[in-house]
Structure formats: structure tokens, C-alpha cells
Amino acid sequence: MDSKVLTGDADVTIRCERLLESKYKFKKVFLTNSCTNALEMAAMLIDIQPGDEVILPSYTFVSTSNAFALRGAKLIFADSKPDHPNIDEEQIEKLISSKTKAIVIVHYAGIACNMDAIIRLAKKNKIRLIEDAAQCIDSFYDQKALGTFGDIACFSFHETKNIHCGEGGFIAINDASLIERADVLRNKGTNRSAFFSGQVKKYEWVDLGFSAIPSAITSSFLYAQLLDIDKVQLKRKKIWDRYFNNISGLNRSGKVKLPFVPAYASNNAHIFYLVCNDKRERDELIVHLKKDEIQAVFHYQSLHKSPYYLDKHDGRILPNADRYSECLLRLPLFYDLNFKDVDFISQKIIEFYK
Ligand SMILES: *Cc1c(COP(=O)(O)O)cnc(C)c1O
């Protein structure tokens with residue numbers, strides 16, 4: 001409040017951006033009002049035109065697909081891996097055509113996709129790679145931060161993410177040739193930044209754009225969260241590990257499947273989930289936990305079966321995406337959750353399977 005500048009691009013906004021760049025080695029960071037906002041900018045930055053094809057997982061949030069559908073892209077949905085909700089890298093190559101403009105990957109639960117394989121495919125076929133890294137703050141692939149692999153990566157600071165500012169996010173640009181235009185797009189399609197840095201005498205409408213700069217108030221909230229990120233992550237990982245150890249007996253006996261973290265991926269403890277053997281069992285477990293006021297929730301509905309896209313989808317069956325839609329269950333995981341409650345929730349799950 002004392003700074004007297006509460007609009008976007010205030011000192012504190014820029015402090016957040018520099019902190020993210022230096023901590024995680026993104027080439028350029030611009031805070032946005034959401035990850036959705038960042039994905040919409042990404043689709044415009046890589047110049048998606050009507051009829052271009054974009055390959056993306058079906059098991060993801062609607063913003064991943066909507067941002068590209070808004071620009072007229074044809075969405076080519078890929079299945080998830082048998083052992084993880086992430087896009088199955090082995091299913092991508094056969095989906096690539098002469099019209100493929102981009103692969104959009106989602107690192108589900110903050111766990112990295114198989115980046116070596118995916119980068120090889122993108123390079124070989126000269127297609128853009130976009131990371132929906134909404135859930136990926138402070139997560140790594142072979143020690144390198146998620147969000148540094150794609151031409152562009154989009155992160156979320158929505159309240160449901162590890163750190164947040166209510167609604168917010170950022171776009172990380174790793175292809176330097178896209179930075180200048182990104183600055184115009186987030187400024188309503190104007191060269192306002194160039195004007196304020198003295199490069200042009202007045203600012204004008206030079207491109208299409210968005211209003212994508214969060215206020216100083218939002219940025220201040222975020223800055224405080226960023227300063228605490230290591231503390232937050234430590235606590236979340238302890239909660240995640242405790243769930244994992246408590247319930248691992250059910251994993252061994254095949255009653256449920258616990259999250260699989262490949263050797264190349266770190267775990268930022270964004271989501272703790274289990275995969276039940278079928279939908280009925282998952283739904284009954286939700287009801288069982290609700291009796292003790294434990295809010296366990298399912299997650300995405302496969303987008304290739306969504307009311308909006310069903311008749312546009314090419315009809316391929318995506319069994320793993322459907323299985324995660326029907327059988328995956330998320331357990332409560334938030335900073336203030338104490339170990340006693342983690343143990344109680346775990347006990348209730350074990351009780352259900354007795
Ligand atoms: C949360 C989330 C989004 C949307 O983030 P917002 O900041 O709410 O726009 C997009 N994609 C994935 C995978 C998400 O988890």
C-alpha cells in the first residue's frame with residue numbers, strides 16, 4: 001500500500017518474476033492472472049491457426065485444451081500411460097501429421113513426463129513443445145526444473161496449487177525469440193513496455209492481446225508465498241510420504257495403486273492420489289470417507305468424451321485416460337494438515353479394504 005503503485009508491473013511483480021527466473025532458470029517469466037491466461041497467450045505466441053493440429057493428453061484440465069481450441073486448433077487427444085496419468089510418450093509419434101503444430105504436455109501431480117522421449121519427437125518433427133506446468137512449481141526432471149523444457153511453459157498460482165495468490169500464474173518463455181511478442185500480448189496487444197523503457201515515443205496497438213498482468217496486491221501476496229516456498233514444500237513432502245508409507249500395504253496387496261514416481265522425476269507433493277480397481281469401489285470409498293468428514297475427490301473427466309468435444313473427437317478409445325477418470329481418488333493435502341489427521345485418513349482407507 002505504501003508503494004502507492006497497486007497496478008501491474010509494480011516493483012513487487014517484477015521481484016516475483018526475477019525470483020522465479022533465478023531459482024528455476026527459466027529464460028523469461030511474466031506473471032499472469034492465471035495459468036489459463038498463460039496457456040491462451042502460448043497458443044497465440046506459437047501462432048496456432050484454424051486447422052492446425054495440437055497433440056495433448058485427454059486426462060487434463062479443460063484450460064489445456066480450451067486455449068488451443070479458441071484459436072481453431074484441431075485437438076488430437078493422446079492416452080495416458082498405463083502406470084501414470086501423464087501422456088504416454090509411446091503413443092505420440094503415430095498421432096503426428098503434416099498439420100501438427102504443437103505437443104502440449106501436462107506433468108500430472110507435478111510428476112515429470114518422459115522429457116527425453118518427448119523432446120526427441122518434437123525436435124525430429126520440428127513441432128513446438130508447450131508445458132502445462134500448472135502443478136509443477138519446484139519440481140524437476142533429472143535435476144532440471146519443469147517448465148524449462150518447452151518453448152513455453154505455463155504455471156498456476158490458483159488457490160489449489162502448492163503456493164498461490166488466490167488466482168494467478170505465470171508464463172515462462174524459454175525460446176528467446178518469443179519474449180518480445182509475449183510482452184506485447186500481455187499488454188493488451190500494445191507496445192506499452194517499449195514506451196516505458198523509452199524505446200518508442202508513444203504506445204500503440206500493434207498486435208492482438210490480453211489483459212494478463214496481475215496487480216501489485218496479488219503480486220505481494222504471491223511474493224510472501226515465494227519466500228516461504230521451501231518451508232511449504234518440505235511440509236507437503238512429509239505429508240505425502242506419510243500417506244505413502246501408511247497405505248503402502250494396500251499397494252503391495254493390489255487393493256489400490258499408489259502414485260508411481262519414475263527415477264527421472266522429483267516429487268513436489270502437489271497431489272496424493274490412489275487408483276482404485278474400478279469406479280464403483282472408488283465411489284464407495286468416497287462415501288465411506290465422507291462419513292468422517294474426509295473430503296476425498298476424483299479428478300478430470302476425459303476431454304475426448306466431454307460434451308463439447310465428443311462429436312469432434314476422431315473416435316479413438318483412450319482406455320487409460322478413462323480409467324483415471326473413473327478410478328483415481330485424491331486425498332486431502334494442504335499445508336496445515338497435521339500428521340494425526342493423515343494417520344486417521346489412512347486408517348479409514350485401510351478399514352474400507354478390510
Ligand atoms: C490448475 C490447472 C490449470 C488452470 O490453472 P488456473 O491458474 O486456474 O488457470 C490448468 N492446467 C492444469 C493441469 C491445472 O492443474
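**Close-up views of a predicted model**

**View 1. Contact between the two domains.** In this predicted model, 40 residues of domain 1 are in contact with 36 residues of domain 2, contact meaning heavy atoms within 4.5 Å. Domain 1 covers 11-227 and domain 2 covers 230-353, with bounds that come from an automatic or database domain assignment. The centres of domain 1 and domain 2, taken over C-alpha atoms, are separated by 25 Å. Residues are numbered from 1 along each chain as its sequence is written, and side-chain values use heavy atoms, with hydrogens and water left out. Local features need pLDDT of at least 70 and side-chain atom pairs count only at pLDDT 80 or more, whereas totals for chains, interfaces and linings use all residues.

**View 2. Residues around the ligand.** The ligand is surrounded by 13 residues (each with a heavy atom within 4 Å of it), and the closest are Thr36, Asp132, Gln135, Ser156 and Lys161.

**View 3. Polar contacts of the ligand.** For the ligand, a polar contact is a pair of N or O atoms within 3.5 Å. A side-chain N or O atom of Ser156 lies 2.7 Å from a ligand oxygen atom, while a polar side-chain atom of Gln135 lies 2.8 Å from an oxygen atom of the ligand. From Cys35, a backbone N or O atom lies 2.8 Å from an oxygen atom of the ligand.

Note on methods:
Polar contact = N/O pair within 3.5 Å; in protein donor to acceptor, adjacent residues only side chain to side chain.
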